[in-house]
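The following questions and answers examine one protein chain. Please keep the sequence and the structure in view while reading.

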Amino acid sequence: MKTLTSIQGGADRKFKALLEHPETFGSKEFLSLCERYAHRLPYEDQLALGRLRLQRQRDKSLDANALLAVLDGRYDDAHRLSAIMQRRNALGIRSVSRDKAPE
């Protein structure tokens, strides 16, 4: 897999921002940009950017922490967080998204 810095970004500022600061984009915009630049960004690099985006987020949700645990290979943490999520869901507690409002 290429390193993200070795990908030629050209003059496109949005693409450069996606590579350098993926955490600044909300979930929908991040996925939209990955689709938009799929021809310049292999799937493996999209996954790496998604992982980096989750790591850099200030306020990580329980779901994000569980996903990061799986991506990082911390399976004990992933199982523990999954059990907490199951209990949360059984109680009917909902998470609130902090993504930016659609423009």
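Q: In the salt bridge where the side chains of aspartate 72 and arginine 51 meet, what is the N to O distance?
A: The model is a predicted one, and its distances are computed from the atoms. Side chains of opposite charge can pair when their charged atoms come close. A salt bridge requires the nitrogen and the carboxyl oxygen to be within 4 Å. Aspartate 72 and arginine 51 satisfy this rule, with an N to O distance of 2.5 Å.

Q: How many residues apart are aspartate 72 and arginine 51?
A: Aspartate 72 belongs to the loop between α4 and α5, whereas arginine 51 belongs to helix α3. The pair therefore links distant parts of the chain, and the separation is 21 residues.

Q: Is aspartate 72 buried, partly exposed or exposed?
A: Buried means under 20% relative accessible area and exposed means over 50%, with partly exposed in between. Aspartate 72 has a relative accessibility of 30%, so its class is partly exposed.

Q: Which residues are linked with Arg51 and Asp72 in a network of salt bridges?
A: By the rule used here, the count of salt bridges comes to seven. Arg51 and Asp72 take part in a network of such bridges. The other members linked in this network are Arg74, Asp77 and Arg80.

Q: Which helices hold glutamate 29 and lysine 14?
A: Glutamate 29 and lysine 14 form a salt bridge, with their closest N and O atoms 2.9 Å apart. The pair ties together parts that are 15 residues apart in sequence, because lysine 14 lies in one helix, residues 13-20, and glutamate 29 in another, residues 27-36. These helices are α1 for lysine 14 and α2 for glutamate 29.

Q: How many residues apart are glutamate 23 and arginine 56?
A: Glutamate 23 forms a salt bridge with arginine 56, and the closest N and O atoms are 3.3 Å apart. Glutamate 23 sits in the loop between α1 and α2, while arginine 56 sits in helix α3, residues 43-56. The pair links distant parts of the chain, at a separation of 33 residues.

Q: Is arginine 53 buried or exposed?
A: Arginine 53 is found in helix α3. Leaving out residues up to four places away in sequence, arginine 53 touches Pro22, Glu23, Phe25, Gly26, Ser27 and Phe30. The limit for a buried residue is under 20% relative accessible area. At 7% relative accessibility, arginine 53 therefore counts as buried.

Q: Which helices each supply at least two residues of the largest nonpolar core?
A: The largest nonpolar core has 10 residues: Phe15, Leu18, Leu19, Phe25, Phe30, Leu33, Cys34, Tyr37, Leu41 and Leu49. The helices that each supply at least two residues of this core are α1 and α2.

Q: With which residues is leucine 18 in contact, leaving aside its neighbours within four places in sequence?
A: Leucine 18 is a member of the largest nonpolar core. Contact requires heavy atoms within 4.5 Å. With its sequence neighbours set aside, the contacts of leucine 18 are Phe25, Phe30, Leu33, Tyr37, Leu41 and Leu49.

Q: How far does helix α5 reach from its first C-alpha to its last?
A: Helix α5 spans residues 75-91 and has 17 residues. At 1.5 Å a residue, a span of 24 Å is expected. The reach of α5 is close to that expectation, at 24 Å.

Q: What arc around the axis do the buried residues of α5 cover?
A: An α-helix has 3.6 residues a turn, so residues three or four places apart point the same way. The buried residues of α5 are Ala78, Leu81, Met85 and Arg88. They lie on the same side of α5, because they cover an arc of only 85°.

Q: Which exposed residues does the face of α5 turned away from its buried side carry?
A: The buried residues of α5 have a cover that includes α4, residues 62-71. The face of α5 turned away from the buried side carries the exposed residues Tyr75, Asp76, His79, Gln86, Arg87, Ala90 and Leu91.

Q: What percentage of the residues in the chain is buried?
A: The secondary structure comes to five helices and zero strands. The chain has 103 residues, and the buried share of them is 27%.

Note on methods: Residues are numbered from 1 along each chain as its sequence is written. This is a predicted model: local features need pLDDT of at least 70, side-chain atom pairs count only at pLDDT 80 or more; totals for chains, interfaces and linings use all residues. Side-chain values use heavy atoms; hydrogens and water are left out. Helices (H or I, at least four residues) and strands (E, at least two) are DSSP runs, numbered from the N terminus. The expected span of a helix is 1.5 Å times one less than its number of residues. Buried means under 20% relative accessible area, exposed over 50%, partly exposed in between (1.4 Å probe, protein chains only). The arc is that of the directions from the helix axis to the C-beta atoms. A nonpolar core is a set of buried Ala, Val, Leu, Ile, Met, Phe, Trp, Tyr and Cys residues joined through side-chain atoms within 4.5 Å.
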